Amino acid sequence: MQWIIFMLLLFISSMEMLTQNRWKKQVSAGLLENCTGCVLCSEDNGCITCHHRLFLLIWRDGIRQFGVCVHTCPPGYFGVRGLEVNRCTKCRSPSCESCFSRDFCMKCKDKFYLHKGQCFRQCPPSTTAQPGTRECQETCEPGPWSEWSACTHESRTCGCKWGVETRVREVSGAAPEEGAACPALLETRKCRMRKHCPGEKTEPKTKGKKRQKKPKTEPEAGT
């Protein structure tokens, strides 16, 4: 009886070892696939270092982490090149799709707008949302219009029939940033000028040329 129990336990142990060996073979096969581009690869943690020009991407699942080598970092990460290894570093903001550095976002995920490297659900004050680029563009509030300038033509205020006059307005508060969406700050319109400048001599108009009189000829002697 004891001999039968011993043989049964031995059979069960052999089946467990066979199952473990099969699992290790499957893990090793999967590991070889995930070790593409690796210089060093761990059975438990995947890639540790990558070939030149590849980035090491670390996936974390709780306390476990697993490394793979990629040509380009996925969304939410940016590439940092180093002397020993190139790494994919995660953007700090979860609403950032791609970033230039850990704290400077370049493109936000859907339903977010980009402004000065940060992602917002609603654009901050003094900015307007641009649906096409999903960015917040600076706006500016201009002050009142100035009075119309003198009517001029080529820097002259007289001597021509028509000229141009202008008026301007300034932006209140701080100067707007480059690319800010500002309304028109200058307007021009056509205006009439004095045709003749003061003191300018004018020639009288004549309707036509006068007919010249022929000189009288004296009668010849003997006629």
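These legends accompany several close-up views of a predicted model.

**Figure 1. The whole chain, a fold with 1 helix and 14 strands.** Before we zoom in, here is the overall setting. The protein has 223 residues, and 22% of them count as buried. Its accessible surface comes to about 18600 Å², with 55% of that belonging to carbon and sulfur atoms. Among the contacts with a separation of 6 or more, 30% are between residues 24 or more positions apart. The structure also holds 4 salt bridges, and some of these return in the views below.

**Figure 2. A nonpolar patch on the surface, formed by Val 39, Leu 40 and Ile 48.** Together, these residues offer about 260 Å² of accessible area. Leu 40 has its place in strand β1, which covers residues 38–42. Is Leu 40 buried or exposed? Leu 40 falls in between: its relative accessible area is 48%, so this residue is partly exposed. Membership of a patch asks for over 30% relative accessible area, and Leu 40 has 48%.

**Figure 3. The hairpin of β5 and β6.** Strand β5 spans residues 77–80 and runs antiparallel to β6, with 4 bridges joining the two. For a handy landmark within this pairing, look for Gly 79, which stands opposite Cys 88 in β6. Following the chain from one strand of the hairpin to the other takes you through the 6 residues between them.

**Figure 4. Ser 95 and its surroundings, in the loop between β6 and β7.** The flanking strands cover residues 87–90 for β6 and 96–101 for β7. Although Ser 95 sits in a loop, its relative accessibility is 11%, so the residue counts as buried; the cut-off for buried is under 20%. Which residues does Ser 95 touch, leaving aside those up to four places away in sequence? They are Cys 108, Lys 109, Phe 112 and Cys 119. There is a polar contact to find here as well: the side chain of Ser 95 meets the side chain of Ser 93 at 2.9 Å.

**Figure 5. The salt bridge between Arg 92 and Asp 103.** The closest N and O atoms of this pair are 2.4 Å apart. Both partners are in loops: Arg 92 is in the one between β6 and β7, while Asp 103 is in the one between β7 and β8 (104–108). The pair links distant parts of the chain, 11 residues apart. Asp 103 has a relative accessibility of 44% and therefore counts as partly exposed.

**Figure 6. The salt bridge between Glu 97 and Lys 107.** Here the side chains meet with an N to O distance of 3.8 Å. Because Glu 97 lies in strand β7 and Lys 107 in strand β8, the pair ties together parts that are 10 residues apart in sequence. Both ends count as partly exposed, with relative accessibility of 27% for Glu 97 and 46% for Lys 107.

**Figure 7. The salt bridge between Glu 187 and Arg 167.** In this last view, the closest N and O atoms are 2.9 Å apart. Glu 187 belongs to strand β14 (residues 186–192) and Arg 167 to strand β13 (residues 162–168), so the pair ties together parts that are 20 residues apart in sequence. Glu 187 is partly exposed, with a relative accessible area of 29%.

Terms used
Residues numbered from 1 in each chain as written. Predicted model: local features only at pLDDT ≥ 70, side-chain atom pairs only at ≥ 80, totals over all residues. Heavy atoms only, no water. Patch = residues over 30% accessible without salt bridge, like charges linked within 9 Å, V, L, I, M, F, W, Y side chains within 5 Å. Areas by Shrake-Rupley, 256 points an atom, 1.4 Å probe, with all protein chains shown as cover. Buried < 20%, exposed > 50% of the residue type's maximum accessible area, 1.4 Å probe, protein only. Contact = heavy atoms within 4.5 Å. Polar contact = N/O pair within 3.5 Å; in protein donor to acceptor, adjacent residues only side chain to side chain. Pairing = 2+ DSSP bridges.
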